[in-house]
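Q: Hi, I'm new to this one and would like to get my bearings. Could you walk me through it?

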Amino acid sequence: FAGGVHDYMTGMISTRHDGASVSEIVGIYLGGGMKNVMRVFSVILLVLVGTVFATGPANLLAMLTPKTFDAKFWLVVVLIYYFLATLLPIDKVIGKLYPIFGICLIIMAIGVAGGLIVKGYHLPEMTLANLHPAHQSIWPFMFITVACGAISGFHATQSPMIARCYTSEKDGRKIFYGAMVSEGVIALIWAAAGVSFYNGTGGLSVALAKLTQNGVVYEICHTLLGPVGAVLAMIGVIACPISSGDTAFRSARLTLSDWFKIDQKATKPRLALSVPILAVGALLSQIDFQIVWRYFSWSNQTLAMIALWAASMYLVKNGKMWIMTVIPATFMSAVTATYIMIAPEGFHLSSKIGYPVGIIFAVICFGIFLYKKNRKKL
């Protein structure tokens, strides 16, 4: 629900500012310094998103096709599609494919959830115990690992594209809030499928180590739905990351064009931005997927945190109930600061240091917000 608040606010604020990118919105409500930080964060995040959502679909497609068409072949195909989706007007490629992708995602979710019920898989009881096989700390790692299924700064980078396309603000709640709730449901279905199918988190971890994420998805779909259903479900799982990757690279182009005031009506300036963006993504796709994913996850949640603070200042300025965005903004401030302090890819400090630093950072952010809010009243 915090993700729904984040997506709705960033989408509607972008709408009120004629489809402005999230970095420009942050600049309006948090100042020029934060705008530049957000610009850099947005572009890095978007390229990382495009990269992680290029390698994953390529590996899944390789499982569904003859050995002649291996993962490298499909990676090239996916990147070519991403290039076209980044370059061409949104109604030429993305607008035509997304309704199909949406249907596939619905079929996948219903199929997997229904398969669990019909075949009598037992969903483990919820517990407050730490069920991680290596007893990895729940705080803050869970809130970074879940990523887009809970709250996603990446979505704030997508909002301007929708804000420039949809025709009525009345549809904002369905488009922004509703889509995030739907994504949360999909995340819950796959979490339930993983622990039910492999009889708990321990079995799931063993399967992930043996089969990788792609193999686990394939095995679950094939077992629950049979060959035909597996193909339908796998297409749904492939469509989900592809529909993130293509818009990620496209949003990176739009963010850069807003940043450097480059008009995108002609093909040549679109090419000038699209080619280097895709080239960087292609190079990053050769790096270990797990490493890229970790940095993507943290930057994704950090961007969401900044966007929520900007939304809070928007609500203050307009005399609205700011507490609705301040609560998740403060929470995510603590999550992101703690994570980068203690994570192996961060500063790798002790939790005795990382936990207090995260809480102190969140308190400071909240204090700065209250100070700015009171100054606006004066």
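Q: Where should I start, and what share of the contacts with a separation of 6 or more links residues 24 or more positions apart?
A: Bearing in mind that this is a predicted model, residues 24 or more positions apart account for 75% of the contacts in the protein that have a separation of 6 or more.

Q: Okay, and how many helices and strands are there?
A: The protein has 13 helices and zero strands, and its elements, read from the N terminus on, run α-α-α-α-α-α-α-α-α-α-α-α-α.
A: Its radius of gyration is 21 Å, close to the 21 Å that the globule rule gives for 378 residues, so the protein is as compact as a globular protein of that length.

Q: What box do the C-alpha atoms fill?
A: Taken along the principal axes, the C-alpha atoms of the protein fill a box of roughly 65 × 55 × 40 Å.

Q: How much is buried, then, and what about the surface?
A: Of the 378 residues in the protein, 49% are buried, while the protein exposes about 18500 Å², of which carbon and sulfur atoms supply 70%.

Q: Switching topic: which residues make the nonpolar surface patch?
A: That patch, of about 370 Å², is made by Ile-103, Ile-107, Val-228 and Leu-232, and helix 5 (94-118) and helix 9 (201-260) each supply at least two of its residues.

Q: Where does Leu-232 lie, and why does Leu-232 count as partly exposed?
A: Leu-232 lies in helix 9, and Leu-232 counts as partly exposed because its relative accessibility is 40%, with partly exposed covering the range between the 20% limit for buried and the 50% limit for exposed.

Terms used. Residues numbered from 1 in each chain as written. Predicted model: local features only at pLDDT ≥ 70, side-chain atom pairs only at ≥ 80, totals over all residues. Heavy atoms only, no water. Patch = residues over 30% accessible without salt bridge, like charges linked within 9 Å, V, L, I, M, F, W, Y side chains within 5 Å. Areas by Shrake-Rupley, 256 points an atom, 1.4 Å probe, with all protein chains shown as cover. Salt bridge = Lys/Arg side-chain N within 4 Å of Asp/Glu carboxyl O. Helix = DSSP H or I, 4+ residues; strand = E, 2+ residues; numbered from the N terminus. Buried < 20%, exposed > 50% of the residue type's maximum accessible area, 1.4 Å probe, protein only. Rg over C-alpha atoms; globule rule 2.2 N^0.38 Å. Contact = heavy atoms within 4.5 Å.
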